[in-house]
Amino acid sequence: MVISICEDKKSLGMNAARKGALCIAETIKKKGEANVAFVSGLSQIETLRNLVKEDIDWSCVNVFLLDEYVGIDRKEKTSSSLFIRENLISKVPSLKSFHEINPDEKNMHATVKELNAVMKDHPLDVSFICIGENGHLAFNDPPADFDTKDAYIIVELEARSRRQQVNEGWFKKVADVPKKAITMSINEILSSEHLIISCPEQRKAKAVAMALFDDITPLSPAAAVKRGKDTHLFLDRQSSCLIFSDKRTI
């Protein structure tokens with residue numbers, strides 16, 4: 001793992017985007033296309049803002065989502081699809097493909113089956129991810145399923161994860177946050193050739209320390225990033241404040 005500590009979240013986003021763009025471009029040169037996964041959330045805005053300015057042949061890029069709530073409308077601001085459309089897809093030339101996650105609860109099992117079939121033909125090249133405040137990856141809340149080999153799974157959202165969504169302003173109250181989500185699994189995320197982790201702000205500091213210092217167990221999903229093939233963790237001064245001598249107890 002390569003850890004980059006940036007001065008602030010703007011420089012974090014710039015550096016993460018530059019590294020991610022390089023990984024995408026190299027993959028396209030090697031394979032003719034790139035399969036790239038994105039997570040939504042405030043932590044990704046600066047990275048995406050800079051990524052769309054990079055020299056990338058987006059017509060060779062297949063885009064996937066890391067997760068989506070079950071039971072919401074794709075036109076709501078809480079939708080991962082809408083977030084990626086507004087912050088990435090609307091700002092670049094045509095993609096080769098964009099694979100949304102159908103949030104309809106009645107069809108969620110069929111949706112997962114379809115996505116898993118697609119992923120068999122689209123091994124991940126680059127994944128832009130973050131670490132949740134409770135140490136989750138995508139919506140793999142602790143205790144996470146480390147055993148499944150399925151690319152996408154249906155999960156129950158943990159209370160701290162749902163509370164984070166309220167604190168970030170996506171929902172007015174915890175009761176409004178869906179209890180289920182479709183998420184890319186831990187093993188699928190780790191299968192990516194390159195992991196670009198953008199993790200700014202002090203509220204992420206404990207989760208960052210968890211990822212770096214905890215044992216890799218279902219109770220600490222974020223720690224699994226240490227198993228990534230080529231992992232690049234981008235922090236700012238605030239999110240890195242606990243990683244020197246592991247000061248989580250202070």
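## The cavity lining

In this predicted model, the lining of the largest cavity is made up of 12 nonpolar, 10 polar and 6 charged residues. That gives a lining of 28 residues, and those nearest the centre of the cavity are Val39, Ser40, Gly41, Phe139 and Gln165. Three elements each give two or more residues to this lining: β4 (67-69), α3 (80-87) and α5 (159-167). Of the elements, β4 gives the most, with 3 residues.

As for its volume, the largest cavity comes to about 310 Å³. A search of the whole structure turns up 1 cavity of 30 Å³ or more.

## The sheet

Now let's turn to the strands. Seven of them form an open sheet with parallel pairing, in the order β1-β10-β9-β6-β2-β3-β5. At the edges stand β1 (2-6) and β5 (97-99), each with a single partner strand, so one side of each has no neighbour in the sheet. From one strand to the next, the twist averages 15 degrees.

If you would like to look at the β5 edge, strand β3 (residues 61-65) runs parallel to β5 and is joined to it by 3 bridges. Here phenylalanine 64 has histidine 99 of β5 as its bridge partner.

## Helices on the sheet

Helix α3 packs on the sheet, where it touches β2, β3 and β5. The direction of α3 makes about 145 degrees with that of β3.

Helix α1 (residues 9-31) lies across β1, β2 (34-38), β3, β6 (126-129), β9 (194-199) and β10 (231-236). Relative to β9, α1 runs at about 165 degrees.

Technical notes: Residues numbered from 1 in each chain as written. Predicted model: local features only at pLDDT ≥ 70, side-chain atom pairs only at ≥ 80, totals over all residues. Heavy atoms only, no water. 1 Å grid on protein atoms, 1.4 Å probe; cavity = no way out; pocket = protein on both sides within 12 Å on 5 of 7 lines; lining within 4 Å. Points joined across faces, edges and corners; volume = space filled by probe spheres on them. Helix = DSSP H or I, 4+ residues; strand = E, 2+ residues; numbered from the N terminus. Nonpolar A, V, L, I, M, F, W, Y, C, P; charged D, E, K, R; others polar. Pairing = 2+ DSSP bridges. Axes fitted to C-alpha atoms, helices over the stretch in contact; angles between N-to-C directions. Contact = heavy atoms within 4.5 Å.
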